[in-house]
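The following exercises concern a multi-chain model, and each is followed by a worked solution. Please examine the sequence and the structure before reading on.

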Amino acid sequence: MDITTAVQQVPLNNYIVLSIMLFSIGVMGMLLRRNAIIAFMSIELMLNAVNLLMVAFSAFKGDSSGQVFVFFIMVVAAAEVAIGLAILAMVHRNSGSVDINHLNKLKW
Amino acid sequence: MAAEVAVATISAPHDYLPIIVQLIVVLAFVGGTILATHFLGPKRKSKAKLDPFECGIEIHGNARTPFSIKYFLVAILFVLFDVEIIFMYPWAVNFKENLSVGFEAGMNNFIQMSIFLGVVLLGFIYVIKKGVLKWD
Amino acid sequence: MNILILVSVLGVISLFAGLSESLRQHTRTIIVAGLIAITGLTMFTWNAKQFFPEMLNFDKYAAVFTTVILVISTLIFVLSKDQFNHDEIHKGDYYGIMLFTVAGAIMMVSFSNLTMLFLGIETLSVSLYTLAGSRKDLLKSSEAAFKYFLLGAFATGFLLFGIAFIYGATGTFSVSGISDYVHNTPQLPAIFYGGVILIMIGLLFKVSAAPFHFWAPDVYEGSPNIITSFMATAVKVTAFAAFYRLFSGAFVDVNEKWDNALIIAIALTLLIGNFTALAQTGLKRLLAYSGIANAGYMLLAVLALKNDASNALLYYSISYAAASLGAFAVLISVSDDEKTFEISSLKGMSKSNPLQAVLFTIIMLSMAGIPPMAGFFGKYMVLSAAIKEGYLAISLLAILTSLVGIYYYFKVIAAVYSAPDTEVQTENKANIVVFICAGISLVIGAYPDLILNLF
């Protein structure tokens with residue numbers, strides 16, 4: 001069985017609901033958790049929800065451009081995490097903590 | 001064999017019942033074993049017992065001491081260069097097909113990948129020149 | 001396409017030039033010369049052969065905005081003399097990353113496929129996260145970079161989710177493909193509208209419009225001055241150009257479905273931006289909030305896109321960028337990155353540096369929108385475009401809040417002309433960038449046709 005028909009065995013609506021759930025978990029994690037590493041993981045979860053949705057749509061539409069877009073998202077996510085972890089290392093060196101609540105030097 | 005699988009119909013929910021039964025059995029076994037050993041075994045707590053290595057060399061220092069930033073840099077660089085492979089995958093899949101079209105298409109294929117690899121290589125040369133990979 | 005390649009190559013050259021000690025001193029000169037040459041090339045060769053028009057379409061809109069971005073970046077490189085002296089070894093890297101930001105910006109104004117929009121936004125943002133944290137010794141700089149990174153990545157998530165929905169509905173990423181689909185489908189599916197709103201949220205984050213503006217003041221305040229001036233001018237203009245290009249290219253036919261959401265965002269942006277700016281005492285934070293308020297006026301042009309408001313957007317962008325860059329150039333000449341610079345510290349500038357005080361006044365008047373300056377005509381054009389489309393209530397709100405704006409800009413001018421606390425020496429010199437920006441504000445105010453005839 002080729003991969004496209006395997007993906008199509010599950011109805012499209014289930015993919016949409018699953019990725020909306022994953023995306024919402026990512027958003028809530030980002031908004032509620034105070035640990036910077038967990039915030040990073042939440043962002044990754046959001047991006048992976050998008051990847052799942054793109055691949056599902058791509059299989060159902062029979063159009064490969066969605067999968068190419070997923071490649072780009074993966075590469076950009078890796079670059080983003082590399083930069084993000086470097087920034088986090090810098091914050092840790094300057095403030096000695098990775099708790100978001102401690103970052104309150106700048107306030108309006 | 002492949003033809004048989006291809007005509008397989010969409011599975012109904014009750015087809016998954018054996019999996020659920022197995023899941024319950026597995027979880028019950030794991031939980032049961034942990035509980036059983038908790039009650040059966042004797043409890044002795046001493047400093048030697050709580051050591052990470054009960055026998056062997058003595059530990060010294062904290063496991064969470066800061067270590068060289070070099071490890072971090074190498075790990076991050078590995079992730080970046082590793083992920084670039086993704087773009088070669090669709091290229092490799094279509095490689096044979098493009099080659100069979102003719103010399104022109106094959107040459108185009110080659111030039112495009114050379115440009116991509118050239119850019120990645122520039123990044124690598126920059127990393128080396130910057131001295132990131134020097135360990136001394 | 002050629003312009004994009006040239007800017008990227010210039011960035012790589014700058015990275016490698018930074019490696020050798022002797023070349024490092026000349027990097028900035030090389031870049032400024034290169035950027036001037038590339039700007040000239042953009043103006044004269046925009047009609048040249050295109051390589052991947054289904055990905056990047058270098059049409060007139062793209063060429064004009066690319067020119068604007070390149071001119072602003074050139075001025076910022078002129079301004080960046082001595083700005084990276086704290087970190088001599090990495091000077092070439094900072095310049096290189098700034099050029100990669102410009103490359104991302106060029107992708108954002110010339111995309112014709114959502115893939116390129118996404119890549120452009122990410123090239124621009126990821127470079128900016130790094131630049132925001134380029135004062136590695138200051139906690140506030142790291143904090144700004146961290147906040148910018150978290151919220152920027154968050155916004156990217158929304159943008160991508162929206163793109164995925166649009167793709168699910170239309171089956172294509174190409175802007176013209178989406179436009180055709182919208183044109184030919186009588187009953188659009190619900191996920192299409194969901195996608196439009198999610199993309200709008202992502203882009204509103206990037207242009208720092210309320211209610212997604214809260215990162216902007218912190219990031220502006222914490223970043224080094226030269227990077228803040230870059231974010232407030234080139235990046236902001238780019239984000240609006242991309243916003244306008246996407247919505248006028250793909251979603252113009254369903255205009256009545258998303259304009260209410262945009263009107264709410266504009267109203268909040270105008271109110272929050274202008275009224276919070278009233279309470280600011282730091283000059284940089286004041287400029288940050290004025291940037292948010294100006295985002296509201298520029299969004300009016302996006303709102304009125306049904307009747308081609310790209311002229312109004314271009315004129316407003318240039319007038320805003322000139323005024324904002326001039327104000328930041330003054331800020332850079334009087335303060336450093338370490339301390340917060342209070343508005344009251346401007347006192348006595350008319351005595352100590354009369355020429356700069358006059359130029360700064362011109363810039364502030366242009367920002368406030370006083371008639372002979374460019375800022376007034378910019379506001380006039382976006383407002384008349386919005387009124388022509390029948391958005392009366394929001395235009396009225398924009399006029400009222402711009403009156404509030406005049407108050408805080410005059411507070412700055414009053415500080416410049418009030419008596420100094422201590423005796424100061426007179427020197428009569430102004431940065432060349434301040435001079436150019438004040439000149440642009442005056443000239444395009446007097447002859448608006450210079451810009452308007454470009455399209």
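**Exercise 1.** Over which residues of chain B does pLDDT stay under 50, and how many contacts beyond four places in sequence does the model have for them?

*Solution.* The model is predicted, so conventions come first: local features need pLDDT of at least 70, side-chain atom pairs count only at pLDDT 80 or more, and totals for chains, interfaces and linings use all residues. Residues are numbered from 1 along each chain as its sequence is written, and chains are lettered from A and ligands numbered from 1 in the order in which they are written. The score pLDDT is the predictor's confidence in each residue, from 0 to 100. Two residues are in contact if their C-beta atoms, placed from the backbone, lie within 7 Å. The stretch sought is residues 1-7 of chain B, with two such contacts. Among the elements of chain B, helix H1 (residues 2-6) has the lowest mean pLDDT, 46, and helix H2 (residues 17-40) the highest, 92. Chain B as a whole averages 81, and 87% of its residues score at least 70.

**Exercise 2.** Describe the overall fold of chain C from its secondary structure, extent and contacts.

*Solution.* Helices (H or I, at least four residues) and strands (E, at least two) are DSSP runs, numbered from the N terminus. Chain C contains 20 helices and zero strands. Its radius of gyration, taken over C-alpha atoms, is compared with a globule rule of 2.2 Å times the number of residues to the power 0.38. For 455 residues a compact globule would have a value near 23 Å, and the 21 Å of chain C agrees. Along the principal axes, the C-alpha atoms fill a box of roughly 75 × 55 × 40 Å. Of the contacts in chain C with a separation of 6 or more, 81% join residues 24 or more positions apart.

**Exercise 3.** Determine how H4(C) and H6(C) are placed with respect to the rest of the structure.

*Solution.* A residue is buried if 20 or more other C-beta atoms lie within 10 Å of its own, exposed if 12 or fewer, and partly exposed in between, with C-beta atoms placed from the backbone. Buried residues make up 60% of chain C. In H4(C), 17 of the 20 residues are buried, so this helix is largely enclosed by the rest of the structure. In H6(C), 18 of the 19 residues are buried, so H6(C) is likewise largely enclosed.

**Exercise 4.** Which helices of chain C each supply at least two residues of the side that touches chain A?

*Solution.* The contact joins 32 residues of chain C to 33 residues of chain A. The helices are H6 (114-132), H7 (139-170) and H10 (215-222) of chain C. H7(C) gives the most, with 17 residues.

**Exercise 5.** Locate and characterise the backbone exceptions in chain C.

*Solution.* Most residues other than glycine have a negative phi, and most peptide bonds are trans. C:Asp82, not a glycine, has a positive phi of about 65°. C:Asp82 sits in the loop between H4 and helix H5 (91-110) of chain C and is exposed, with 10 other C-beta atoms within 10 Å. C:Ser208, also not a glycine, has a positive phi of about 55°. C:Ser208 is in the loop between H9 and H10 of chain C, yet counts as buried, with 27 C-beta neighbours inside 10 Å. The peptide bond from C:Ala210 to C:Pro211 is cis, with omega near 0°. C:Pro211 lies in the loop between helix H9 (190-206) and H10 of chain C.
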